[in-house]
Structures are given as C-alpha cells and as structure tokens.
Amino acid sequence: MLIKISIENFKSFDALTELTMITSSKIRDNNTANHRVKIKETSILKNAVIYGANASGKSNLIESFRFIKLTLKYGLPMNCMQLFCKNKKENEQRESSFELQFSVGDSFYAYGFSVILSKRMICGEWLYELHQNGSAKRIFERNGNEKMTVDDVLKLSESEKQRMSTYIEDFGGSSNTLFLTEMNRNKKYDESSELYVFKKVYDWLTNNIVILSPDAPVTDFEYYYDNDSLEKVNRMIETFDTGITRVNIEEISAEELKSKLNPEIYDRVMDRVSKAMNNPSKRHYRMTMRSNTSFFNIEGSADSEPKITTIRMNHGKSFFEFDFEDESDGTRRLFDLLDMLLIDSDDVVFVVDELERSLHPKLTQQFLKLFNEVHKDRHMQLIITTHESTIMDQALFRRDEIWFIERDTDNRSRVYSLDRFKERYDKVLSKAYLEGRYGAIPVFKSFTYEEEE
C-alpha cells in the first residue's frame, strides 16, 4: 500500500511536497472504520480526495506518479527537460526529487531518485527498508558518478555477491536509466534469494499503481467478455440508474471493427492478431481493447479465423439495442471506472484525475460508496482529484482523507490536509469549502467592459 509520495522541483511543485496516507491520531473512526488498513503497527488510509482550483496543480500531482512509473519502465522521458518548476531561473539547474514510501506484504520500503531534468541526468537513487521503530536500513544507493553502494542488509551468498558486483559493473551509472530498472532487465531471482527484493519492489511500483486520466486511450479491458464478471457488470450498472438494463456480447465483422477505429490503430491491432496467430507457443490468443466509442474482443487460434465481438446495450423495453457510441459521455466514463470495482486483485493503488468528469454528482457519490463497500476487506487505495464539493462529506470520507492544493503568489503549488482545520463532526464541509474557509478555490478579479466611443 502507498504510504507517502514526496516530490520537489517538478512542474508547479517547487519546495518539497508530500501527500501522506498515514492516519491522523486525532480522528475517531465514526462512519468510516473500513477506510484504513493496519499493517503491523502502521495505520494506512485507503482514500485521498484532492481539491483545488483549475491550474492549482492537481493534475501535476497525478503526473508525478506517471513520471515515476515511466522512468522506471523506460528511462527518463525525452520531454522531461522542461518539467522542472519554472517559477525561478535557478530551478533549471537544481535537482528534482521523487520518492514513494509503500508496503509490500508486511514489509515497508522507501524508493526514490533525484534528477536534473533540464539535463536529463539522474543524480541519485536509493532504496531503504523501513522499520516500525523509525529506523531505516539502506539496501542500495547511488550518488552521482560514485560507485553504487549496496549494504549488508542483504544477506547475500558469495555467488550472489559476485553476481551483484557484475550487475553494478555492467550498469556503470547510466545517466538516464535507473538501477532498479537495470536489476529487472532480463534477470531472474529465486524468491528465497535476498536479491528478490529488487523484483518485489519494481513489480509493485510498475504494476500496482494504476493511473487513470479523464480521456484514456485504448486500453486492455477483459471483464466484459467473461460470463461471470459480465453478470457483475449488469448488476452494478443497474445500481447507477443509467437507463441500461442489460449489457450483451455480440459478434461483428472485421469491416465493422475497421469502421469503429482510426486506420492506424486498426492496423496496429490486426498486426498484433497476425503475430499471435503465427506464434507457435500460443495455441489460443485473446485480446480485449476499447476506444473512446467502442469495446471489442478478438480471440482465436492459429488454425481458425479470429472471432470479433463487441458490447451492445438494452434500455428498458426498447426494441432496439444501442452501441457503446450511442451512450452519453457520463455512461461511457462509468464503464471506464467499473474496472476499479470489478478487480479482484489485492494491494492496488488507483490514481484517478478528475474522477467526476461527465458524471452526475449523485452518480459520483454512489461510485465512491460502492468502491469502499466492495473493497472493504482488501488493501485497495483510491487517490482522486476532483472539483465535486458534494462528496466532501464526513459521512463519506475522514477529515485526513481530504486534501487541498493551491498556488501561491509565486505560482508554487502547496498541498495540505483538511485535518489541519479544527472542525466539528456535524460541520457541512462542502459549504465551508465553497465559502473559502479552506482555500484552494478560484479567486476572481473584477472586470469592467467599456465600449469605445
């Protein structure tokens, strides 16, 4: 589970900025007892709801998660040279830092790196194991061009020490690639080996943080093509009052699929199908994708033509079926988010920018209630940015789950929690927020229109 994210000198964040998921000791559980998970002696929140005016920095916070994942997977992005905080000249040559603290199982870690973004150059990287007494043991650290430091916290055999030494020599301190990435490139570790920590940490960071943008591109989406999960979809859809009474799977032709996708994406999809058909190691293949206006599934085997299916909807007693593209933006947005309810994995952090995009306030509220109910017994976290003040309710969220971002007069974003304000439990938070009590709202200047004579 995520414990904390820390960023510095990135986009609108100048000074070191932190968002923590550690519970406040001042808050009684009231109606949200299932909003926290206790791992050993550490109590971790399951939600963070982040408010702020337009251009306050909410999306930049989401982008920091994306930046960390992209750098881990592919190295420093080519466009990173312009991502430093531009509110002052010296930031161009100043280090930017990114750190995540998190748990994997019942172990706690802090992983981070520093980089001069304008030079696309990694300056430092570190991985620590954290302990309940507040101490930390270094697993590895790199600092500039100095040789990598790997501490004795890893009880390595002689052969593993030689293996590790070879990895360090081969890596050589690449200026735009992370050592944690290198330790997961074409390398296998036995789970009993102390070196397995490199895989465990890398897998959690790259797989267990799921980032959803308001306008998501084509993505894998399998739940609608499994009979059991499709039944769950239908039961859930009914609770949201969208007018849809049934989601059905129907077969379509390749030509119909082609008409629903732009040519470049269609060619890319069919190229993947062709490679799957010609792969002797795979007797059966399946690919589930979605675009902004359609869902489709392609499956088959090497000795058969691919079968293409899509979803269509029934509305009440209407004689006709509706395509996905016929549904409203809000309904299509809801289909995007249902993945978060259907997932049966554990220990996933969903990071969602503008959760309420195209959704009615009551629908947003119902979704959040359902998310916490469905995952009440799981280590599942939800971090969202929003403008929707109606969900700022102490019956729905704890005070330490509600956060604000605002920009100061120097154009720097700062993050702070509602927990810093002393509020009664019967306080109408949304009203106080819109009245400006907590900041993080737009401040308008007067404008006078004068006609020319």
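These are my notebook entries on a few strands, helices and single residues of a predicted model.

**Entry 1: the six-stranded sheet**

I began with the open sheet and wrote down its strand order, β11-β18-β19-β5-β20-β21. The pairing in this sheet of six strands is mixed. I then looked for the edges and found β11 (209-212) and β21 (413-417), each of which pairs on one side only. From one strand to the next, the twist averages 15°.

I took one strand pair from this sheet for a closer look. β11 and β18 (residues 348-352) run parallel and share four bridges. Valine 210 has phenylalanine 350 in β18 as its bridge partner.

**Entry 2: helices across the sheet**

Next I asked which strands α1 lies across. I listed β5 (47-51), β11, β18, β19 (380-386) and β20 (402-407). The angle of α1 to β11 is about 135°.

I did the same for helix α10, residues 361-374. Helix α10 lies across β5, β18 and β19, and I noted an angle of about 165° to β19.

**Entry 3: serine 59**

I stayed with α1, which spans residues 58-74, and picked out serine 59 within the helix. Is serine 59 buried or exposed? Neither term fits: its relative accessibility is 30%, so I entered serine 59 as partly exposed.

I then looked up how serine 59 stands to aspartate 353. The two residues are 294 apart along the chain, yet their C-alpha atoms are separated by 6.4 Å. Their side chains are joined by a polar contact of 2.7 Å.

**Entry 4: two hairpins sharing β8**

I turned to β7 (residues 107-116) and β8 (residues 121-130), which pair in the antiparallel sense over nine bridges. Within this pair I found alanine 110 opposite tyrosine 128 of β8. The two strands form a hairpin with four residues between them. In that turn, arginine 120 has a positive phi of about 50°.

β8 also pairs with β9 (residues 136-143), again in the antiparallel sense, over seven bridges. Here glycine 124 stands opposite asparagine 143 of β9. The hairpin of β8 and β9 has five residues between the strands, and I noted glycine 134 there with a positive phi near 95°.

**Entry 5: positive phi outside glycine**

I looked up two further residues with positive phi, neither of them glycine. Asparagine 9 has a phi near 55° and sits in the loop between β1 (2-8) and β2 (17-20). Its relative accessibility is 0%, so I entered asparagine 9 as buried.

Serine 358 has a phi near 70°. Where does serine 358 lie? I found serine 358 in the loop between β18 and α10. At 43% relative accessibility, serine 358 is partly exposed.

**Entry 6: cysteines**

Last, I checked for disulfides. A disulfide is a covalent bond between the sulfur atoms of two cysteines. With a cut-off of 2.5 Å between cysteine sulfur atoms, I counted zero disulfides.

I also looked up how accessible two of the cysteines are. The relative accessible area of cysteine 85 is 1%, so I entered cysteine 85 as buried. Cysteine 123 is buried too, at 10% relative accessibility; the limit for that term is under 20%.

Note on methods:
Residues numbered from 1 in each chain as written. Predicted model: local features only at pLDDT ≥ 70, side-chain atom pairs only at ≥ 80, totals over all residues. Heavy atoms only, no water. Buried < 20%, exposed > 50% of the residue type's maximum accessible area, 1.4 Å probe, protein only. Polar contact = N/O pair within 3.5 Å; in protein donor to acceptor, adjacent residues only side chain to side chain. Pairing = 2+ DSSP bridges. Axes fitted to C-alpha atoms, helices over the stretch in contact; angles between N-to-C directions. Contact = heavy atoms within 4.5 Å.
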